[in-house]
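Student: Hi! Could we go through this structure together? I'd like to start with one of the loops.
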Amino acid sequence: MSIAPSVWNPPEWNAPEETREELVPLEWRGLRYTCRVITSDRPPVTEPLLLLGGALQDMYAWPRLERRLSAHMPLVFVDLPGVGTADDLPAEQGFDALAEAALVVTDRLGFDRINLLGASYGAPIAYRAALSRPERVARLVLAGATHRMNPRLVSDCEQVWRARAALADDIDGTLSDAGSHEIADRAVATLLNTTLQGQVSQAATVARMLHRQFARITPAAARRHAVCHQRLLASDPLPSESIDAVRALVFTGEHDDVSTPDENRAVAAAIADSTFLLVRDADHMVHLEREAEYADLVLRFLTDLPLDGLHYTTAPERFGWCR
């Protein structure tokens with residue numbers, strides 16, 4: 001039987017505010033890329049936030065989170081090499097290289113310390129950045145993280161990108177509508193928990209949104225995404241080393257079957273000072289399904305507010321010294 005997702009209205013302090021945008025060119029190992037810096041006239045309440053998103057997300061892919069958080073801290077979104085407007089990154093360059101490129105952003109902008117959020121594909125990059133230079137990371141947020149890709153996801157992703165590559169290599173370089181929609185169907189089924197749609201907030205809306213995104217993807221973007229997939233398969237996404245000098249929040253949706261709750265909990269357990277929880281009525285696409293709650297949770301953690309008693313999450317589980 002379906003369970004109706006809970007309804008929640010965000011607090012007033014999560015309201016949008018007038019902002020300024022600056023595009024900053026970057027270079028790393030001869031590769032060119034760009035970041036967006038969003039600021040407002042309001043005094044920041046915490047360190048700047050650098051957000052590293054999924055393989056399909058460029059620096060313009062988080063408008064809802066940007067609107068809700070921009071009044072509270074400077075925000076930095078980046079097209080790392082291999083994403084968006086940036087130069088291509090060879091598949092043999094792994095997540096350590098991307099973490100190094102991400103940290104160049106903080107150096108270029110002159111930030112002594114940052115808050116760092118890594119979501120899905122961005123989680124291994126953020127984890128490595130915090131591991132290599134913990135003194136530069138005030139707080140770490142990992143959403144949809146896993147030490148290794150589960151077999152179901154590996155198989156599903158391989159089918160999606162193999163079919164996509166075949167269509168992208170057509171003589172005229174175009175994709176048939178039928179072929180594009182078939183691949184979009186497969187991709188949506190891979191990223192969303194379709195068996196529990198009745199328990200996921202805005203499931204149908206998010207599915208339509210993702211379907212449009214996949215159906216419209218260009219051959220060039222498809223090849224880039226295939227490289228990202230190869231990088232995920234080349235080795236375990238997260239290294240075996242533990243983070244012991246950065247406070248972290250690890251979370252995902254309670255129905256996530258891309259990076260499961262148990263997989264995210266294991267990531268939190270590898271961090272000496274971490275909190276783990278699940279967002280109710282959501283799966284891997286928490287930022288779309290419960291975008292106001294996502295912003296509220298992130299802002300609470302980044303401003304050191306308590307995470308206990310939030311009706312849209314499970315009870316926090318604490319690891320390390322705070323257990």
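Student: Is His-147 buried or exposed?
Tutor: This is a predicted model, and in it His-147 counts as buried because its relative accessibility is 14%, under the 20% cut-off.

Student: Where is His-147 found?
Tutor: His-147 sits in the loop between β6 and α4.

Student: And what does His-147 touch?
Tutor: Leaving aside residues up to four places away in sequence, His-147 touches Asp-236, Pro-237, Leu-238, Pro-239, Ala-266, Val-267 and Ala-270.

Student: Asp-236 caught my eye. Which residue forms a salt bridge with Asp-236?
Tutor: That would be Arg-148, with the closest N and O atoms 3.7 Å apart. The pair links distant parts of the chain, 88 residues apart. Arg-148 is in the loop between β6 (137–143) and α4 (151–168), while Asp-236 is in the loop between α7 (219–234) and β7 (243–253).

Student: Why do Arg-148 and Asp-236 count as partly exposed?
Tutor: Arg-148 has a relative accessible area of 48% and Asp-236 has 39%. Both count as partly exposed because these values fall between the 20% and 50% cut-offs.

Student: How many salt bridges does a search of the whole structure find?
Tutor: The search finds 20.

Student: Which side chain does Asp-281 meet in a salt bridge?
Tutor: The side chain of Arg-290, at 3.4 Å from N to O. Asp-281 and Arg-290 are both buried.

Student: Switching to α10, which residue forms a salt bridge with Arg-300?
Tutor: Asp-296 does, and the closest N and O atoms are 3.1 Å apart. Both residues lie in α10 (residues 291–302), 4 residues apart, or about one turn of the helix.

Student: Why does that spacing suit a helix?
Tutor: An α-helix has 3.6 residues a turn, so residues three or four places apart point the same way.

Student: Is Asp-296 buried or exposed?
Tutor: Asp-296 counts as buried, because its relative accessibility is 1%.

Student: How many residues of α10 are buried?
Tutor: α10 is mostly covered, with 11 of its 12 residues buried. Among them are Tyr-294, Leu-297 and Phe-301.

Student: How far does α10 reach from its first C-alpha to its last?
Tutor: It reaches 16 Å, close to the 16 Å expected at 1.5 Å a residue.

Student: What comes just after α10?
Tutor: Asp-304 is found just after α10, and it takes a positive phi of about 65 degrees.

Key: Residues numbered from 1 in each chain as written. Predicted model: local features only at pLDDT ≥ 70, side-chain atom pairs only at ≥ 80, totals over all residues. Heavy atoms only, no water. Salt bridge = Lys/Arg side-chain N within 4 Å of Asp/Glu carboxyl O. Helix = DSSP H or I, 4+ residues; strand = E, 2+ residues; numbered from the N terminus. Buried < 20%, exposed > 50% of the residue type's maximum accessible area, 1.4 Å probe, protein only. Expected span 1.5 Å × (residues − 1). Contact = heavy atoms within 4.5 Å.
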